[in-house]
Amino acid sequence: MLICLPDVLDQDTVKRFRQRMDSAQWVDGKVTAGVQSGAVKQNQQLPEQSPLAQQLGNEILDALASHGPFISAALPLKIFPPLFNRYQGGEHFGVHVDNAIRFVKGTVTRIRTDLSMTLFLSEPEEYDGGELMIEGKFGAQAVKLPAGHMVLYPSSSLHQVMPVTRGAR
């Protein structure tokens, strides 16, 4: 199952998110990787507990709560707080599956992750490469959506982010 959901965030919201993230402090993306995925993860990430990541994450969670197609497709009981990743200068995330259980940093909360989602915050023409490749029953599918759109897929799917060779994703 691979479901593309348009207009999770409107263009004004995407623009505001990007302006705020442009001046943010980014860290090595391996901070949230498991043992196996850490070996293939080469990107940058906003620290999970940074005020910016928490504020933007809450805005995304609010948008998802009112996005009918997302609710119908995912039927979420709980949603793990969004992680913000950036890829540039050849950065990528090799073939992996997402963690089956995620711990909400700074709490005792654990969330089972049956579904994963990628919300695009860059327009496809702003960067080369960076496709999200998801393996499924019908082979690999490349996903590179407009800013504000999201793809939903099983967390157990083998997937990867191809190297970004120009611009930033």
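**Exercise 1. How exposed is Q42, and what is its relative accessible area?**

Keep in mind that this is a predicted model. Start by finding the residue: Q42 sits in strand 3. Next, look up its relative accessible area, which comes out at 41%. Now hold that against the cut-offs: buried means under 20%, exposed means over 50%, and partly exposed is what lies in between. Q42 is therefore partly exposed.

**Exercise 2. Which residues does Q42 contact once its neighbours within four places in sequence are left aside?**

Skip those sequence neighbours first, then list what remains: Q42 is in contact with K30, Y87, G90, E91 and H92. One of these, H92, belongs to the stretch 92-96, which is strand 6. For a sense of scale, try K137 too: it is 95 residues from Q42 along the chain, and the two C-alpha atoms are 27 Å apart.

**Exercise 3. Work out the strand order of the five-stranded open sheet, and say which strands stand at its edges.**

Step one is the order, which reads 3-6-14-11-12, with antiparallel pairing. Step two is the ends of that list: strand 3 (41-42) and strand 12 (139-143) are the edge strands, and each has a single partner, so one side of each has no neighbour in the sheet. Step three zooms in on one edge. Strand 3 is joined to strand 6 by two bridges, and the two run antiparallel. Across that pairing, K41 stands opposite F93. As a reminder of what holds such pairs, strands of a sheet pair through backbone hydrogen bonds.

**Exercise 4. Check the length of helix 1, then find its buried side.**

Length first. Helix 1 covers residues 11-22, so at 1.5 Å a residue its 12 residues should span 16 Å. The end C-alpha atoms are 16 Å apart, so the model agrees.

Now the buried residues: T13, V14, F17 and M21. They lie on the same side of helix 1, because they cover an arc of only 100° around the axis. The general rule behind this is that an α-helix has 3.6 residues a turn, so residues three or four places apart point the same way.

Then turn the helix around: the face away from the buried side carries the exposed residues D12, K15 and D22. What does the buried side pack against? Its partner is helix 3 (51-65). Finally, check the start of the helix, where a side-chain oxygen of D10 comes to within 3.1 Å of the backbone nitrogen of D12.

**Exercise 5. Place F17 in the largest nonpolar core, and say which element gives the most residues to that core.**

The core has 22 residues, and F17 is among those touching the most other members, along with L9, M21, F84 and L121. Two or more residues come from each of helix 1, helix 3, helix 4 (68-74) and strand 13. Helix 3 gives the most, with six. For F17 itself, leaving aside neighbours within four places in sequence, the contacts are L9, L56, E59, I60, F84 and L121. Another core, of 12 residues, lies apart from this one and includes Y127, V143, L145 and V151.

**Exercise 6. Is strand 13 mostly covered or mostly uncovered, and which strands does it pair with?**

Count the burial first: five of the five residues in strand 13 (150-154) are buried, so call it mostly covered. Then take its partners. Strand 1 (residues 3-5) runs antiparallel to strand 13 and is joined to it by three bridges, with C4 partnering V151. Strand 9 (residues 115-119) is also antiparallel to strand 13, through five bridges. Here S116 stands opposite Y153.

How values were computed. Residues are numbered from 1 along each chain as its sequence is written. This is a predicted model: local features need pLDDT of at least 70, side-chain atom pairs count only at pLDDT 80 or more; totals for chains, interfaces and linings use all residues. Side-chain values use heavy atoms; hydrogens and water are left out. Helices (H or I, at least four residues) and strands (E, at least two) are DSSP runs, numbered from the N terminus. The expected span of a helix is 1.5 Å times one less than its number of residues. Buried means under 20% relative accessible area, exposed over 50%, partly exposed in between (1.4 Å probe, protein chains only). The arc is that of the directions from the helix axis to the C-beta atoms. Contact means heavy atoms within 4.5 Å. A polar contact is a pair of N or O atoms within 3.5 Å; within protein, one must be able to donate a hydrogen and the other to accept it, and residues adjacent in sequence count only if both atoms are side-chain atoms. Two strands pair if DSSP finds at least two bridges between them. A nonpolar core is a set of buried Ala, Val, Leu, Ile, Met, Phe, Trp, Tyr and Cys residues joined through side-chain atoms within 4.5 Å.
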